[in-house]
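Here is a quick walk through some side-chain contacts and the strands that carry them. Have the structure open while you read.

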Amino acid sequence: MAGLTIDQGVQLAALIFFAGLLIAVWFGWGQVQSAGRMPYYLLRRVRVLSGWRIIALGLALGAVGLALQLFGRSVVYVLITPTPSLTPTPTATLTPTITLTPTITLTPTITAIPSITPTPTMTGTPALPDGLTIPYLATVTPNPDAAFGPIRFALSLNYPPVHPSESFESPQGTIYGIFGYNLLDPGVAWTALWYRGAEIICMESMPWEGPTGGYGYTECTPDEWLPGDYEVRMFVGEAWKVTSRFTVSGAPNTVPSTSTP
């Protein structure tokens, strides 16, 4: 039970209430049917009333289970409210200089066949770039069950995200990647890489400082959002956990100059 996620716990509670519904209806209907075999009217009446009360209790249990199934996750996340202590500081723009793609430009000096080899992004499981060093990777051993949920992108930071989108037209400033997470130990190394095509435009990499479960975010604020396909990859330690994508269209939206001639 200690290893259950929040979603699994809510689902288990709902199943227990649904099981209570079935048991109560079965037992209550048996009471109602058995009343017909009793010789005295008053005893039959008491038995029938008892059976219908048990059936009503079962229906109440089923209603509670249905409410848990529909609204339980939202209520739990509101009660836990882990968001204020979550991680990232606005250091997301440290890595526009980490452009690891020159390995692709080597191909004009090599034959066509060897140029297939230096393309790690084509493999099934993403990995940290070869040139990236994280000095505190060995500080805390990551929990192998640690998990990030799908990343939802928005122009403002809210938990859960308000009006998330997978496409943005001429955005300006910061785009936030908001995600749920679970079983993430304090101090473990985590990394978020923001790609435009094969180029890293933003990176966050630091020890985790939040609670073990709830909502977190990563952010990116480049000089300008160029049109194209973007991808965010997240790692715990050196293990890849989740990848999500969005697109940017329209002309780059730059801040107009306020200087006068």
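## The aromatic cluster

Start with the rings: Phe-153, Phe-168, Trp-194, Trp-225, Tyr-230 and Phe-246 are linked into a cluster by ring pairs. Keep in mind that this is a predicted model. The count of aromatic pairs comes to 14.

One of these pairs is Tyr-159 with Tyr-215, and it is tilted, with 6.0 Å from centre to centre and 35° between the planes. The two tyrosines come from distant parts of the chain, 56 residues apart: Tyr-159 belongs to the loop between strand E2 (152-154) and strand E3 (167-169), while Tyr-215 is in strand E7 (residues 213-220). Tyr-159 is partly exposed, at a relative accessible area of 25%. Tyr-215 comes out at 15% relative accessibility and counts as buried, because the cut-off for buried is under 20%.

Now for a pair inside the cluster. How do the rings of Trp-225 and Tyr-230 meet? Their planes are at 65°, so the pair is edge-to-face, and the ring centres are 5.3 Å apart. Both Trp-225 and Tyr-230 are buried.

## Strand E8 and its neighbours

Tyr-230 also takes us to the strands, since Tyr-230 stands opposite Phe-246 in E9. E8 and E9 run antiparallel and are joined by nine bridges. Their hairpin has two residues between the strands, and Gly-237 there takes a positive phi near 65°.

E8 is also joined to strand E5 (residues 189-196), again antiparallel, through seven bridges. Leu-193 has Arg-233 in E8 as its bridge partner. How much of E8 is covered? Most of it: seven of its nine residues are buried.

## A salt-bridge network around Glu-231

The structure holds two salt bridges, and Glu-231 takes part in each of the pairs described here. With Arg-233, Glu-231 forms a salt bridge whose closest N and O atoms are 2.5 Å apart. With Arg-245, the side chain of Glu-231 meets in a salt bridge at 2.8 Å, N to O. Glu-231 lies in strand E8 (residues 228-236) and Arg-245 in strand E9 (residues 239-249), so this second pair ties together parts that are 14 residues apart in sequence. Because these salt bridges share partners, Glu-231, Arg-233 and Arg-245 end up in one network.

Which members of the network are buried, and which are exposed? Arg-233, at 8% relative accessibility, counts as buried. Glu-231 counts as buried too, at 14%. Arg-245 is exposed, with 53% relative accessibility.

Arg-233 has one more contact to look at. This arginine lies over the face of Tyr-195, at 4.2 Å from the ring centre.

## Ser-34 in helix H1

Now leave the strands for helix H1 (residues 6-35), where you will find Ser-34. What does the side chain of Ser-34 touch? There is a polar contact with the side chain of Arg-47, at 2.9 Å.

Ser-34 counts as buried, at 12% relative accessibility. Val-48 is 14 residues from Ser-34 in sequence, and the C-alpha atoms of Ser-34 and Val-48 are 8.4 Å apart in space.

Technical notes:
Residues are numbered from 1 along each chain as its sequence is written. This is a predicted model: local features need pLDDT of at least 70, side-chain atom pairs count only at pLDDT 80 or more; totals for chains, interfaces and linings use all residues. Side-chain values use heavy atoms; hydrogens and water are left out. Rings of Phe, Tyr and Trp (its six-membered ring) pair if their centres lie within 6.5 Å; planes under 30 degrees apart count as stacked, over 60 as edge-to-face and the rest as tilted. Helices (H or I, at least four residues) and strands (E, at least two) are DSSP runs, numbered from the N terminus. Buried means under 20% relative accessible area, exposed over 50%, partly exposed in between (1.4 Å probe, protein chains only). A charge sits over a ring if NZ of Lys or CZ of Arg is within 6 Å of the ring centre and within 35 degrees of the ring normal. A polar contact is a pair of N or O atoms within 3.5 Å; within protein, one must be able to donate a hydrogen and the other to accept it, and residues adjacent in sequence count only if both atoms are side-chain atoms. A salt bridge is a side-chain nitrogen of Lys or Arg within 4 Å of a carboxyl oxygen of Asp or Glu. Two strands pair if DSSP finds at least two bridges between them.
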